[in-house]
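Student: Please take a close look at a single part of this structure, beginning with the backbone and going on to the charged side chains. A connected account would suit me better than a list.

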Amino acid sequence: MKTINLLFISVLSIAFANAQDYSKVDAKVKAYPKTFATTDRLASQIAADFIRQDERARAAYTWIAMNISYDRSPNAPGRKPIHFSAKNEAERKKKLAAIENDLANKTLLSRKGVCHGYSMLYKVVAGKLGLQSEVVYGTAKSVPSDIGKAPSKGNHAWNVVQANGQWKLIDVTWGSGGISGDLGYDDNYFFTTPQQFFLNHFPDDKKWLLTGKSESEFAALPLHYDLDYEIISPSAGIIKSTGSKLVQFKIRGLKAGDDVLYQYTSGAFSRKVTPKITNGVGEFTIVLDKSAAGTLTIFANRKSVAAYKIN
């Protein structure tokens with residue numbers, strides 16, 4: 001019996017590892033053309049190369065994230081809502097499908113879009129691949145001023161897609177590098193766990209949280225810039241300033257030799273710290289002095305990791 005259990009666990013582990021390794025999918029998709037004339041052609045290419053639902057979902061994510069750039073124009077398609085009227089439900093669905101396909105095609109052909117365009121393109125391509133997908137609207141926590149604010153409707157859009165019987169969370173806009181585009185392709189926003197996705201996404205429709213979190217918990221979080229790092233402490237995004245005091249940080253993902261800095265918006269210079277690494281967690285302490293004000297940002301290897309408000 002023990003041998004059977006060990007074998008069963010081993011098989012499960014191998015299956016799980018394979019399901020999470022999409023390097024072969026990514027490599028094949030990187031060789032695709034940079035442009036496709038229609039969503040049908042993109043979907044046909046993916047369908048010819050991949051059978052598994054999760055691999056098709058990944059291929060669509062990777063191609064869009066790698067080939068569509070963020071459109072900063074104030075008149076970008078998808079930036080403003082489209083209003084229309086319909087006589088009945090059937091007509092409403094028909095008009096809505098036409099609008100969605102039009103936005104998806106404009107995003108595909110121009111190779112640029114806003115979050116609504118990214119997510120609509122993903123939904124349309126996923127549908128042509130036999131995958132059920134929805135566009136989810138909600139709040140993204142993306143700048144330090146969002147810390148402490150309750151979620152409000154309508155500043156971002158992303159996707160859920162059903163693969164192998166489960167709803168999975170996807171943000172292909174942020175997968176492309178988001179508004180700044182500085183980070184380039186980021187696969188952290190493909191099949192992100194609900195707990196991680198919650199760190200910077202809160203849907204208008206709470207059923208797409210896929211976790212039992214609340215608006216107040218979302219508001220209280222620090223700003224997480226990079227999901228490669230897990231902020232263990234401080235877990236609250238607002239740090240009370242009561243004169244000079246020590247604040248201890250614990251961040252999983254920091255490694256020995258990483259260049260770790262912190263800076264206040266009230267200070268002209270950043271300050272370096274040397275974390276103590278224990279079991280993959282970096283620990284360090286900073287002095288919150290009387291001059292500290294505004295935003296406190298933690299950097300690792302010149303990239304933003306997390307931000308806090310000093311109050």
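Tutor: Pro 234 lies in the loop between strand E9 (230-233) and strand E10 (238-239), where helices (H or I, at least four residues) and strands (E, at least two) are DSSP runs, numbered from the N terminus. The peptide bond that leads from Ser 233 into Pro 234 is cis, with omega near 0°. This is a predicted model, in which local features need pLDDT of at least 70 and side-chain atom pairs count only at pLDDT 80 or more, while totals for chains, interfaces and linings use all residues. Residues are numbered from 1 along each chain as its sequence is written, and side-chain values use heavy atoms, with hydrogens and water left out.

Other loops carry backbone features as well. In the loop between strand E4 (156-163) and strand E5 (166-170) is Asn 164, a residue other than glycine whose phi is nevertheless positive, near 55°. Asn 164 is exposed, at a relative accessible area of 54%; here buried means under 20% relative accessible area, exposed over 50%, and partly exposed in between (1.4 Å probe, protein chains only). Leu 210, also not a glycine, has a positive phi near 60° and is found in the loop between strand E7 (201-203) and helix H9 (215-220), where Leu 210 counts as partly exposed at 34% relative accessibility.

Turning to the charged side chains, the structure holds 11 salt bridges, each being a side-chain nitrogen of Lys or Arg within 4 Å of a carboxyl oxygen of Asp or Glu. One of them joins Arg 58 to Asp 26 at 2.7 Å, N to O. Since Arg 58 lies in helix H4 (residues 53-67) and Asp 26 in helix H2 (residues 23-30), the pair ties together parts that are 32 residues apart in sequence. Both Arg 58 and Asp 26 are buried, and the two are linked with Asp 187 in a network of salt bridges.

In another pair, Asp 54 meets Arg 52 in a salt bridge, again given as 2.7 Å from N to O; Asp 54 is buried, with a relative accessible area of 3%, whereas Arg 52 is partly exposed at 36%. Glu 89 forms a salt bridge with Arg 92, with 2.8 Å between the closest N and O atoms, and these residues, 3 apart in helix H5 (residues 89-110), are separated by about one helical turn. Glu 89 is partly exposed at 42% relative accessibility, and Arg 92 is partly exposed with a relative accessible area of 33%.
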